[in-house]
Every structure is written in structure tokens, then in C-alpha cells.
Amino acid sequence: MSNNHDNTEKLNTEQEDIIQDTQQETEEIMTDKPSAEEVLAEEKNRYLRLYAEFENYKKRTTKEKMDFFQFANQEMMISMLGILDDFERALKEIAKNGNEKDLQGVELIYQKFKSTLTEKGLKAMEVKSGEDFNVDFHEAITQIPAPTPELKGKIVDVIETGYTLHDKVIRFAKVVTGN
């Protein structure tokens with residue numbers, strides 16, 4: 001019977017070991033598995049990041065769309081600058097040689113054309129002799145000896161007017177600088 005008792009004791013010890021191992025595995029599984037609050041917090045964080053990403057996408061595409069519409073007519077505006085220059089030259093010639101009625105008619109058409117372009121965002125750059133040369137707005141086509149020491153490195157003459165379209169330079173002012 002002693003043998004039977006030893007076997008029973010051995011079985012009980014093995015069962016206890018199995019139960020203990022099972023409890024340890026269960027505890028490990030329970031500690032490895034995140035709680036419902038942790039899962040919820042993680043999902044909420046993911047949702048907030050995704051929402052922020054989407055909002056940034058919407059803002060970026062809206063800005064790109066606005067920029068596109070704002071500068072969609074840039075090429076057309078650049079081509080109109082030649083016509084604007086021709087009008088200015090014609091006005092100078094008519095003022096020298098023409099009669100007053102012709103000058104008034106051409107000037108009226110010129111002002112209407114210029115105001116239409118201004119409504120669409122075109123703006124002439126105000127550049128005067130004696131101003132500092134700025135590569136962001138001016139293009140030096142030539143340099144001449146400065147007539148006075150104050151004009152050294154500055155704008156001496158403006159050859160062609162520069163223009164901006166919604167604060168973006170579409171044609172640099174062509175200037176002569178003093179050296």
C-alpha cells in the first residue's frame with residue numbers, strides 16, 4: 001500500500017505543479033494583454049493622429065487650390081505686360097506728335113486696360129532713381145559710372161517697369177545701376 005500512497009502523492013504533486021504552471025501562464029497572459037483602458041487610450045490616440053493628419057491634408061489642399069486659382073492667369077498676365085508697355089510708348093509718342101483728342105482716347109483705353117489688370121491682382125512696382133538695388137525686385141541690365149557718389153551701387157535709371165501678381169514678382173524691373 002505504501003507504493004499506492006507514493007503514487008497518489010506523486011500524482012498530487014504533479015497535479016499541483018500543473019496547476020501552478022497553469023496559474024503562472026494565466027498570470028503572464030493577463031499581464032501581457034493590455035487592459036481595456038489601455039486599448040481605448042491607444043485607439044483614441046490613433047484616432048486623434050489620423051484626424052489631425054486629415055485636417056492638415058484638407059488645409060494643404062485648400063491652400064494649393066487657392067494658390068492655383070490666384071496664379072492660374074499668371075501666363076496670361078505676363079503676355080499682357082507687352083501690350084501695357086506698347087500703350088505707354090504710344091501715349092508718349094502721341095503726347096509729342098499727336099493731337100489732344102487722340103491722346104485722350106488712347107489714354108482712356110489704356111486706363112481701362114490697366115485698371116482691369118489691377119483688379120485681377122497686377123501691380124506695378126514703384127522704382128525710382130536713387131533707390132538701393134534689390135535682386136529680389138530688380139534686374140540690372142547694365143552698369144554705368146555713377147553720376148554722383150550717392151548713386152554708387154544704386155539705381156540710376158529705370159528702363160522697364162516691373163510687375164507683381166498678388167505680391168509675387170512676375171517681371172523684374174529692368175534698371176541701370178551706378179558703379
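Reader: What makes Glu14, Glu16, Asp17, Asp21 and Glu25 a negative surface patch?

Author: The sign follows from the residue types, because Asp and Glu count as negative (Lys and Arg as positive; His and the chain ends are not counted). A patch takes residues with over 30% relative accessible area and no salt bridge, joining like charges within 9 Å and nonpolar side chains (Val, Leu, Ile, Met, Phe, Trp, Tyr) within 5 Å. A salt bridge is a side-chain nitrogen of Lys or Arg within 4 Å of a carboxyl oxygen of Asp or Glu, and a charge is placed at NZ of Lys, CZ of Arg, CG of Asp or CD of Glu. Under these criteria Glu14, Glu16, Asp17, Asp21 and Glu25 form a negative patch. The model is predicted, so local features need pLDDT of at least 70 and side-chain atom pairs pLDDT 80 or more, while totals for chains, interfaces and linings use all residues. Numbering starts from 1 along each chain as its sequence is written, and side-chain values use heavy atoms, without hydrogens and water.

Reader: Why is Asp21 called partly exposed?

Author: Buried means under 20% relative accessible area, exposed over 50%, and partly exposed in between (1.4 Å probe, protein chains only). Asp21 has 41%, so it is partly exposed. Its place is in helix α1, residues 2-32.

Reader: How do you know that there are four helices and six strands in the chain?

Author: Helices (H or I, at least four residues) and strands (E, at least two) are DSSP runs numbered from the N terminus. The chain has four such helices and six such strands, in the order α-α-α-α-β-β-β-β-β-β. Of its 179 residues, 16% count as buried.

Reader: Why are the rings of Tyr47 and Tyr51 called stacked?

Author: Rings of Phe, Tyr and Trp (its six-membered ring) pair if their centres lie within 6.5 Å; planes under 30 degrees apart are stacked, over 60 edge-to-face, and the rest tilted. Four aromatic pairs meet this rule. For Tyr47 and Tyr51 the centres are 6.2 Å apart and the planes stand at 25 degrees, so this pair is stacked. Both residues belong to helix α2 (residues 36-71), where they are four residues apart, about one turn of the helix. Elsewhere, Phe87, Tyr110 and Phe113 make up one aromatic cluster.

Reader: What makes Tyr47, Leu48 and Tyr51 a nonpolar patch on the surface?

Author: Each residue has its own accessibility. Tyr47, at 53%, is exposed; Leu48, at 47%, is partly exposed; and Tyr51, at 46%, is partly exposed. Leu48 also has its place in helix α2. Together Tyr47, Leu48 and Tyr51 form the patch, with about 350 Å² of accessible area (Shrake-Rupley method, 1.4 Å probe; for residues, only the protein chains shown count as cover).

Reader: What makes the phi of His166 notable?

Author: Most residues other than glycine have a negative phi. His166 is not a glycine, yet its phi is positive, about 50 degrees. Asp167 likewise has a positive phi, near 65 degrees. His166 sits in the loop between β4 (163-165) and β5 (168-171), and Asp167 is in the loop between β4 and β5. His166 has 29% relative accessible area and is therefore partly exposed, whereas Asp167, with 76%, is exposed.

Reader: Why is Phe133 counted as partly exposed?

Author: Its relative accessibility is 30%, so Phe133 is partly exposed. Phe133 lies in the loop between β1 (122-124) and β2 (138-144). Its C-alpha atom is 8.6 Å from that of Val175, although Phe133 and Val175 are 42 residues apart along the chain.
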